[in-house]
Amino acid sequence: MRFDIKTAGPAIALFLLCIIGFLLNPAFLSEGNLTNLLTRSAFIGIIAVGATFVITAGGIDLSVGSMAAAIAGVMIIIMNAAMETLGPGLATVLLGGGCSILLGLGAGWINGVLTTKGKIEAFIVTLGTMGIYRSLVTYFADGGTLSLDFAIRGTYRPVYYGSVLGLPAPVWVFIAVSICGWLLMNRTAFGRYCTAIGSNESVARYSAIKVDRIKTMTYVIQGLCVSLATIIYVPRLGSASASTGVMWELEAIAAVIIGGTVLKGGYGRIGGTILGALILTTIGNILNFTDLISNYLNGTMQGLIIIIAVWLQRGDWGKAKASKS
Amino acid sequence: MRFDIKTAGPAIALFLLCIIGFLLNPAFLSEGNLTNLLTRSAFIGIIAVGATFVITAGGIDLSVGSMAAAIAGVMIIIMNAAMETLGPGLATVLLGGGCSILLGLGAGWINGVLTTKGKIEAFIVTLGTMGIYRSLVTYFADGGTLSLDFAIRGTYRPVYYGSVLGLPAPVWVFIAVSICGWLLMNRTAFGRYCTAIGSNESVARYSAIKVDRIKTMTYVIQGLCVSLATIIYVPRLGSASASTGVMWELEAIAAVIIGGTVLKGGYGRIGGTILGALILTTIGNILNFTDLISNYLNGTMQGLIIIIAVWLQRGDWGKAKASKS
Amino acid sequence: MFDETPETATVLKADHISKSFGAVPVLFSVSMEIHPGEVHALIGENGAGKSTLMKILSGFHAPTSGRILFDGVEVVLPPDGEAETLGIVLIHQELNLAEQMTVEENIFLGRELTHRGLLQRDKMREKVSGYLQDIGVDISPSARISDLSIAEKQMVEVAKAISRNARVLIMDEPTAVLTEAETELFFRQVERLKSKGVAIVFVSHKLSEVKQIADRVTILRDGQWIGSQKAELLTPDAMAQMMVGRELSDLYPPMHEADVDAVRVLEVRDLCAKGVHDVSFDLRQGEILGFSGLIGAGRSAVFEAICGLEPIASGQILVDGVETRFADVAEARDAGLAYLTKDRKAKGLLLDKQMRPNLTLFSLPKFIRRFGLDVAAEEAALERAIRRFDIRTRDANIKVGDMSGGNQQKLLLAKVMESEPRIVIIDEPTRGIDVGTKQQIYHFIAALAAEGVSVVIISSEMPEVIGISHRVVVMREGQVMGVLTGDDINENEIVRYAAGLKRESKG
Amino acid sequence: AETIKIGVSYPTPTHAWAAGMNWHAEQAEKRLEALYPDIDLILINSPDPNAQASALEDLVSVHKIDALVVLPFESEPLTDPVLNVKKTGALITVVDRGLSQPGIEDIYVAGNNPELGRVSAVYMKGRLTSGDNIVVLRGIPTIIDNERFDAFMAEMEGTGINILDHKHANWNRDDGFEVMQDFLSRFPDIDAVWAQDDDIAIGVVAALKQAGRDGDGMFVVGGAGMKETIKSIMDGDTLVPVDVLYPPSMIATAMDVTVAAFKSNGPVAGRYILGATLITPENAASFYFPDSPF
Ligand SMILES: Nc1ncnc2c1ncn2[C@@H]1O[C@H](COP(=O)(O)OP(=O)(O)OP(=O)(O)O)[C@@H](O)[C@H]1O
Ligand SMILES: Nc1ncnc2c1ncn2[C@@H]1O[C@H](COP(=O)(O)OP(=O)(O)OP(=O)(O)O)[C@@H](O)[C@H]1O
Ligand SMILES: [Mg+2]
Ligand SMILES: [Mg+2]
């Protein structure tokens, strides 16, 4: 019973938002807009899937936005450089993608190792790497924008703009990541270990779970997710700058928590996270669909809607209060 | 034994930073620079003292920076309006200060009540209010800057620029807030209750602690600290805009955690927080001291220093590892 | 005169093990041999070092000196429960379950059954159902641990233990929170494992239990090995004497006759709350009222509702004849009510703090002088409590979580008594407490009652309820089945009420 | 001889225009320090007004500067801090954003924000007729944005051209892309877009192309003078046919003038207001700096 409500909470919130959107402007439900919405959610959604693991295992990663920017920057540099030898074809794009994945894994691994082996609070580690990655991309771009060569853009473009079976490519990636994430969280021992560590680290340790390794793994997964998001982000505008991915970390964490995952760890819901990402994107979308509200108050509406969405969903928990420790 | 190291950690880090600063440029230790440093630390320091309570009791407050901006904005509006009736004298400034405190208490109370009674995760509540306050100040300022009437500035100026016994006024406020905070945390039942709640909420409830009330109180204290910081901030720049207080929340939390407080709650150190604030300000200060490093890499240095500072301090914990649960 | 066991093969042997935490020595050259197919009981006072020895024998702690022999070969056991792969399994004294996870997830934690990387959830659930059936508990494999009562959690631990393919199964006070019925079922499983050649070590303070199930007994006192002996050669009294080092007089204090005309300090009428239906009873001044029943009978739930910890659906509560509803525990405390939880780890003590803040937490307003806390008064209170409740730690600044289980329990009792309640409800007062201290606690409770304090004892140990209560309320499935007085207070009657074979007509 | 220390303080580049400014500042530093061995330029950038105020304090207390070139993050908050620098006797050059009290600066070098809005409006007016629809994407809510926007709207008044809506795209490509996508879903008929800034314009163009609505005479007007934009104007792009200059090189101009104040014999003071030139295919070549990051 309780489960249904918990699961349904974000879904209901999303549903209500869609109704509001439709009432404000029927064009909200147009195919074009829905496609835009889904595609846009893909970035935050993919990153948030990774964040769900980190948070479930009791960690936090503030560096994802900067990491995305840095990876995008390096990818662009590498692809531009590779063009001379490899030409503007698939090879260059694949090289870029490969590098992106390696960088993501590496960056995640660094966060993980500093947290587990260095015994530094995840908040501090990732606040630090957040600053580092952000300033590195500024440095690489000389404060400006790194742009992908136009020749490569042609080859790379379909990764963002292309469609398969009527759904844009990024949405397919999002779906794939979601399914893998869901399986990993709910159908493998790894997912259970994350939950156990977030729930009670010493219990996990006493159960012969390699706590440090699993925690590091969550950051590595987060890094992988960031790199996947970056791979589909780059062809969109073909550029990266210091303002790429600003605030993505907060959005990703917000998506995770709106989805019902507990910030202190021990309980993670991939399905909820995906809905959370959709909710966040929809809020932004709806605000662009009306001029009822002063532009300046966008943030107010956004804040109110987030709070209300979560409140609606938690309200029901009141009944299940006893079970709350 | 273990305690000495914990306490000494941040102090040692600060000391090392000072040596680096001096080596880079002997002017670092000039009286003028040290005074600037202390005065600057006051803002983040005062806010971080409040954050120590919130975090110790297991909460988090992301809204402080925006709250400061909003309070500063409203204060300015009120003082400018009051000038017509009260004139540009002390009365207007006191009115402004009074309003600031009321607003701070109110804003903190809202965060607290939404978290405790509304049963919404503190992260979401304060992420929401962060957006709300930030957009409100933009709205009040019509996208621009709210500025204090120059006539009032004359009266108000000494609150930031004035000195008493050779120390600038903000430093005195910082000292007063630190002492009160320290007493409250270490010498009163309230501090004990915060620690207990952060350590184990159920145990606190079974021990006759009014958990919701105490948690709300921590947010109210946070609000009060923000309003005090704002009162000394406004005369510095005489204005408020959408960019006031951006990232202060992360800086405040970082100061708290660098100081040795545990992000998950249950263990709070006001003394450490103060050192943490000084460390952060000193890092910024040192980076202004040299143009050895590309400006773009400031963030990299900052991130590295934060991580290293905390690592140095935690490194010693390794030995006390056995006692870690 | 000790250790007359013949040279049967030993699976696990502790050879002159010593252990110190920092500079504090806890075990002094202790030896112990564990044979396959035997039940080996380890007994000793609180803080004697039993749990520490068990942890060393299963790799969770490394000994400071001494050897561990496994199958006769000297080994260094792997840390963090990895010794399970060798067949050495420990059930910790403190429950060791992840609260937010389900029963099934906990039981298989760290050794999930997988097929091509994916969990075989149906298979695991099936197996868990089987284990739970074996030990006769009715818990769903998909129940969340946080929703279970503490006794149910203990049964999950037991199920977890028997699910392991253990060669050596070490259990630290597995029966502390179990009622006799559950203990009985549990022992049946122990017998079954024993017959399969599993070596079983268990710690218990219930000496009759030890007598009943153990083949051999090892006794520790103050970290020293006192002896190992065949259980049949020892009576419970002899064991107690060896543990404590002196003769024990009567366990239970002489009962003061209850004053039937004493005022009713607490009256409860038709109380309904979660897990509680129409419960009515009253408590007189200076009375010791026992609450008996099976696991989950709702005894704790009654008092958690009364003290403002759980919402009340309906009913009346009168304190000193005045109808009251406590909104929270602070109100209850201020009215003179104090409730001592049986879940000391999750609800009782701050495990990462020292004794002083724990002791005074419940009655902190008492220690406020001029807005600040009077640390000197707190220290004095701690000193008093340590003396009064005989709390033994070798290091006064130790974190409570590192104290021995029994001493934690004593500290919890001290914490609640620090508020000087007029009505005190003690849930499992002697959980994990050694016989010597038990005796002290019973005398303490009797003295309280004699002073006019009203005491409610919720206990799963029937002799305890029988031994010190003036009246006994028996509950079953959230309802009061009957109230026993005088000679009716005996095991037979209680069991019949508790099992639902008999019920007082409502009136 | 004593070295002359000149502090140069400006916001941390977070978008391309500011990066261009930073590039020009660094070029000028190299050039001027090579030219005059006794001149030391100290470049500091700051992420927010508060940090910039701190940086100004440090320039005084640590570097003991003789002159300050400052591009204030915002006018209001930095007025007092700059005044404090002035009190140490340093020469003050203010760039781009005027302080809110007159008379503090010795030299003022600025672009012209209202003019940027006005010039954009004049161009768009010229290509559209009454009844046509446009949408506006604005920058980060700041005075600069307000000045540009207000001047644009004033110029548009009475033309009969419908301004369907205006939203903030924060001088950011991604925001420009998403806001434009939503405008396109919302309004079936849009004839032109004022994006105010070249970064936003890049996002707008991508959205238009994605939706296939980049034909039919649709055009986008950005602003600032990004080199890629200027290049494509030179190449005769029709979707972004013009640009309105807001030169990031103004900081270098300010540095030059400030150094000149020490090096030339006559007194140097006054106001240098740079125009908001409309860049068209005809004049684009003279505004094209291929080495600049902007
Ligand atoms: N991690 C630790 N650090 C410091 N001291 C410890 C630690 N663990 C146990 N001790 C101390 O070792 C002594 C023995 O504790 P142990 O838990 O073994 O006792 P026990 O025999 O199991 O008692 P009980 O019957 O109360 O459970 C106690 O004084 C305890 O405080
Ligand atoms: N029927 C029930 N439905 C839901 N929750 C229940 C029910 N019975 C008990 N509980 C919960 O389980 C917890 C423990 O049960 P309770 O303490 O009442 O049993 P008990 O008689 O004390 O037995 P035990 O010794 O097993 O704890 C209580 O906090 C109560 O909320
Ligand atoms: Mg023990
Ligand atoms: Mg220089």
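1. A word on classes before anything else: Ala, Val, Leu, Ile, Met, Phe, Trp, Tyr, Cys and Pro count as nonpolar, Asp, Glu, Lys and Arg as charged, and the others, with Gly among them, as polar. On that basis, the shell around ligand 1 splits into eleven polar, five nonpolar and five charged residues. Do keep in mind that this is a predicted model.

2. Who sits around ligand 1? There are 21 residues around the ligand, and those that come nearest are C:Lys50, C:Ser51, C:Thr52, C:Ser404 and C:Gly406. Two helices of chain C are worth colouring in your viewer: helix 1 (50-57) and helix 13 (405-417) each supply at least two residues of the shell.

3. Now for the atoms. C:Lys50 puts a polar side-chain atom 2.7 Å from an oxygen atom of ligand 1. Its neighbour in the list, C:Ser51, also uses a polar side-chain atom, here 2.6 Å from an oxygen atom of the ligand. With C:Gly406 the partner is a backbone N or O atom, 2.6 Å from an oxygen atom of ligand 1. As for cover, ligand 1 taken alone exposes 630 Å², and the protein buries 90% of that.

4. On to the chains. Which pair shares the most contacts? Of the five pairs of chains in contact, that is chains A and B. Their interface brings 48 residues of chain A into contact with 47 residues of chain B. Chain C and chain D, on the other hand, do not touch, and their nearest C-alpha atoms are 38 Å apart.

5. The size of an interface is often quoted as the accessible area lost when the parts come together. For chains A and B the buried area comes to about 4,100 Å², with 75% of it on carbon and sulfur atoms. On chain A, the elements giving two or more residues to the side that touches chain B are helix 5 (122-140), helix 12 (248-258) and helix 14 (298-315). Helix 5 of chain A gives the most, with 13 residues. By class, the residues on this side of chain A are 26 nonpolar, 15 polar and seven charged.

6. How many salt bridges cross from chain A to chain B? The rule finds zero across this interface. Polar contacts do turn up: six residue pairs between chain A and chain B are in polar contact, with both residues at pLDDT 80 or more.

Conventions. Residues numbered from 1 in each chain as written. Chains lettered and ligands numbered in written order. Predicted model: local features only at pLDDT ≥ 70, side-chain atom pairs only at ≥ 80, totals over all residues. Heavy atoms only, no water. Contact = heavy atoms within 4.5 Å. Buried area = accessible area lost by both parts, 1.4 Å probe. Salt bridge = Lys/Arg side-chain N within 4 Å of Asp/Glu carboxyl O. Polar contact = N/O pair within 3.5 Å; in protein donor to acceptor, adjacent residues only side chain to side chain. Helix = DSSP H or I, 4+ residues; strand = E, 2+ residues; numbered from the N terminus. Near = heavy atom within 4 Å. Areas by Shrake-Rupley, 256 points an atom, 1.4 Å probe, with all protein chains shown as cover.
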